[in-house]
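Trainee: I would like to go through this model feature by feature. Please give the general idea first and then the case at hand.

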Amino acid sequence: MRIATWNINGIKARLELLVTWLSQEKPDIVVLQEIKSVDEGFPRAEIEALGYNVETHGQKSWNGVAILSLLPFDEVTRGLPGDDSDEQARLIEGVFSVESGAIRVCGIYLPNGNPVESEKFPYKLAWMRRLEAYVAERLLLEEPFILLGDFNLIPAPIDAHDPKAWWGDALYRPESLERFRTLSNMGMTDALRATTSEEAYTFWDFQAGAWRRNAGIRIDHLMLSPQAADRLDDVRVHKDVRGWEKPSDHVPVEGQFSF
DNA sequence: ATGTCCAAGCATCTTGGA
């Protein structure tokens, strides 16, 4: 089974790109971030035409997440618990049946957190604390649980072309990395790093010729419960998609599993 | 030095967000 994450940066502007990629790759499950659309505005018919079941958790203008799946959904959960005043659409989870039982796939768009001096940075850290509580509950289920998406976090120096330039940014500073490490310490495995110690960027800014200079960062991750990590075969970053017509600034990252 | 792109609105540019 192939399970992918992709920050699409606007579903309406990228529909053609997404349809091309889905038709070519036919992944089983895809989580999308930054759909920048309300649920009613999501172009579900075009994606359903490719055989996908579609569940969205959108909002106007910003954020918004979705799951596309060739398998039918057994359950869908929208939103991260822990703060009733939080109206940002950043989490959607689906449960699917496979031969060995159930798998749980949770797509997230973790807050960017910049500028660090603004209220956005404490919101990011608080969101990550809430995510830890959520993950702790999921781990108790002892099922294959795949937490994937745009984490807006650079885990280590190898994950940036110019780590010194990023140090201090909300994506790469001690408070953020401490929260990310906590997820690891709880038992969630960084799938890409379980398969390679090579550079593997997933984002290249639209600005400053970042793609041309390969000035990328790795911020899109698959984090796996032990039961999911046991079934991981490989991880593939679809780097070539960044060079396609009218690309997103992120590329798809795909985990291959023996489910 | 700055370089880009998307969504939305009392709109055809401006603004906020990344």
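Mentor: Start with Lys246, which sits in the loop between strand E13 (232-237) and strand E14 (253-257). Helices (H or I, at least four residues) and strands (E, at least two) are DSSP runs, numbered from the N terminus. This is a predicted model, in which local features need pLDDT of at least 70 and side-chain atom pairs count only at pLDDT 80 or more, while totals for chains, interfaces and linings use all residues. Residues are numbered from 1 along each chain as its sequence is written, chains are lettered from A and ligands numbered from 1 in the order in which they are written, and side-chain values use heavy atoms, with hydrogens and water left out.

Trainee: Is Lys246 buried or exposed?

Mentor: Buried means under 20% relative accessible area, exposed over 50%, and partly exposed in between (1.4 Å probe, protein chains only). Lys246 has 53% relative accessibility and counts as exposed. Its phi is near 50 degrees, a positive value in a residue other than glycine. Lys36 also has a positive phi, about 50 degrees, and is not a glycine. Lys36 belongs to the loop between strand E2 (29-33) and helix H2 (44-48), and its relative accessible area of 30% makes it partly exposed.

Trainee: Which atom of DNA strand B does a polar side-chain atom of Lys246 lie 3.4 Å from?

Mentor: A polar contact is a pair of N or O atoms within 3.5 Å; within protein, one must be able to donate a hydrogen and the other to accept it, and residues adjacent in sequence count only if both atoms are side-chain atoms. For Lys246, the partner is a phosphate oxygen. Lys120 also places a polar side-chain atom by a phosphate oxygen of DNA strand B, at 3.3 Å. With Phe206 a backbone N or O atom is involved, 3.2 Å from a sugar or linking oxygen of the strand.

Trainee: Which residues come nearest to DNA strand B?

Mentor: A residue is near a strand if one of its heavy atoms lies within 4 Å of it. There are 17 residues around DNA strand B, and Arg14, Lys60, Ser61, Phe206 and Ala208 come nearest. Helix H1 (residues 11-25) gives the largest share of this surface, three residues. On the DNA side, sugar or phosphate accounts for 69% of the strand atoms within 4 Å of the protein, and bases for the rest.

Trainee: What is the volume of the largest pocket?

Mentor: Rolling a probe the size of a water molecule over the atoms shows where empty space is left. On a 1 Å grid over the protein atoms alone, where a 1.4 Å probe fits, a pocket is an open set of points with protein on both sides within 12 Å along at least five of seven lines; lining residues have an atom within 4 Å of a point. Grid points are joined across faces, edges and corners, and a volume is the space filled by probe spheres set on the points. Here the largest pocket has about 450 Å³. It is lined by 22 residues, of which Tyr109, Asn112, Gly113, Asn114 and Asn152 are the closest to its centre.

Trainee: Where is Pro115 found?

Mentor: Pro115 is in the loop between strand E7 (101-109) and helix H3 (120-140). The peptide bond from Asn114 to Pro115 is cis, with omega near -5 degrees.

Trainee: Is Arg138 buried or exposed?

Mentor: Arg138, in helix H3, is buried at 14% relative accessible area. Its side chain makes a polar contact of 2.8 Å with the side chain of Glu93.
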